[in-house]
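User: I am in my first year and would like to learn how to read a protein model. Could you take me through this one with a few questions and answers?

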Amino acid sequence: MEYVTSPSLDLLDTPAVVHKVLAVLKYGDRVEVLKKQGTWAKVRAGNENEGWVITKVLVQAQIFENGQKLLQELRSNQVQATGHTVLAANIHLEPNREAPTLGMLTQGQSLNVFDRRMVARSAPGAEPKQDAPTAPAADAWYLVRSDKRAGWLLGRLITLDIPDAISQ
C-alpha cells in the first residue's frame, strides 16, 4: 500500500499522452500499487477504480503513517513561530536532504514552526576530511506543520513572519 502526497492526483486510464481522467485522488488517499513502469504506477484506488498515476507523488505506507504520527504529536506542542514557504518545497520525515519525502508544500503556503536544528551538510558519497581546517557547512531545518502535513523543511525555503509586537 502507498499513499497520495499531492493535493490532487489524476487517475488516468493510460500513461500515454492522450488519456482520460477516471477519477481525482486527494492527499492521504490510500492506493494499492499493482505494477510500476518507469515513472508510472498502475494502482487500485478504493474498491473499483484502477488506473495510472505518476509515482513521484506516492509514498510508502510506513513513511506516510510516520508523518501522520508526527502531525498528531505537534498538535499538543506550542508554536514557536509562523511563516510561509518561499518556493515549492519538499517536506521530509527527518531533517536531512536524503530523508523520505512526505510530499511538497506550494509556494507561499502558511505554516507553523515548532523546532529548528542545524544539521551538517555533506556531499553525497564524500568522506569528511580529517584535517579540514574549517567546520563543515550546515543547513538550518525547521519542524513545521501546514494543513494536514508535518515534517522538516530546509530553512532557506521558509520566510518567518515578524510578530506584530516587533513590527510595530
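Analyst: What follows is a set of questions and answers about the inside of this model. The model is predicted, so local features need pLDDT of at least 70 and side-chain atom pairs count only at pLDDT 80 or more, while totals for chains, interfaces and linings use all residues. Residues are numbered from 1 along each chain as its sequence is written, and side-chain values use heavy atoms, with hydrogens and water left out.

User: Which element gives the most residues to the largest nonpolar core?

Analyst: A nonpolar core is a set of buried Ala, Val, Leu, Ile, Met, Phe, Trp, Tyr and Cys residues joined through side-chain atoms within 4.5 Å, where buried means under 20% relative accessible area, exposed over 50% and partly exposed in between, with a 1.4 Å probe and protein chains only. The largest such core has 27 residues, and Leu143 and Leu153 are among those with the most contacts inside it. Of the elements, which are DSSP runs numbered from the N terminus (helices H or I of at least four residues, strands E of at least two), those giving two or more residues include strand 11 (110-120) and strand 12 (138-146). The element that gives the most, with six residues, is helix 1.

User: How are the rings of Tyr3 and Phe64 arranged, stacked or tilted?

Analyst: Rings of Phe, Tyr and Trp (its six-membered ring) pair if their centres lie within 6.5 Å, and planes under 30 degrees apart count as stacked, over 60 as edge-to-face and the rest as tilted. Tyr3 lies in strand 1 and Phe64 in helix 1, 61 residues apart. Because their ring centres are 4.2 Å apart and their planes stand at 10°, the pair is stacked.

User: How are the rings of Tyr27 and Phe64 arranged, stacked or tilted?

Analyst: Tyr27 sits in the loop between strand 3 and strand 4, and this pair links distant parts of the chain. The centres of the two rings are 5.7 Å apart and their planes are at 55°, so the pair is tilted.

User: Which residue has its backbone nitrogen 3.0 Å from a polar atom of the side chain of Thr85?

Analyst: Thr85 belongs to strand 8 and is buried because its relative accessible area is 1%. A polar contact is a pair of N or O atoms within 3.5 Å; within protein, one must be able to donate a hydrogen and the other to accept it, and residues adjacent in sequence count only if both atoms are side-chain atoms. The backbone nitrogen found 3.0 Å from that side chain belongs to Gln109.
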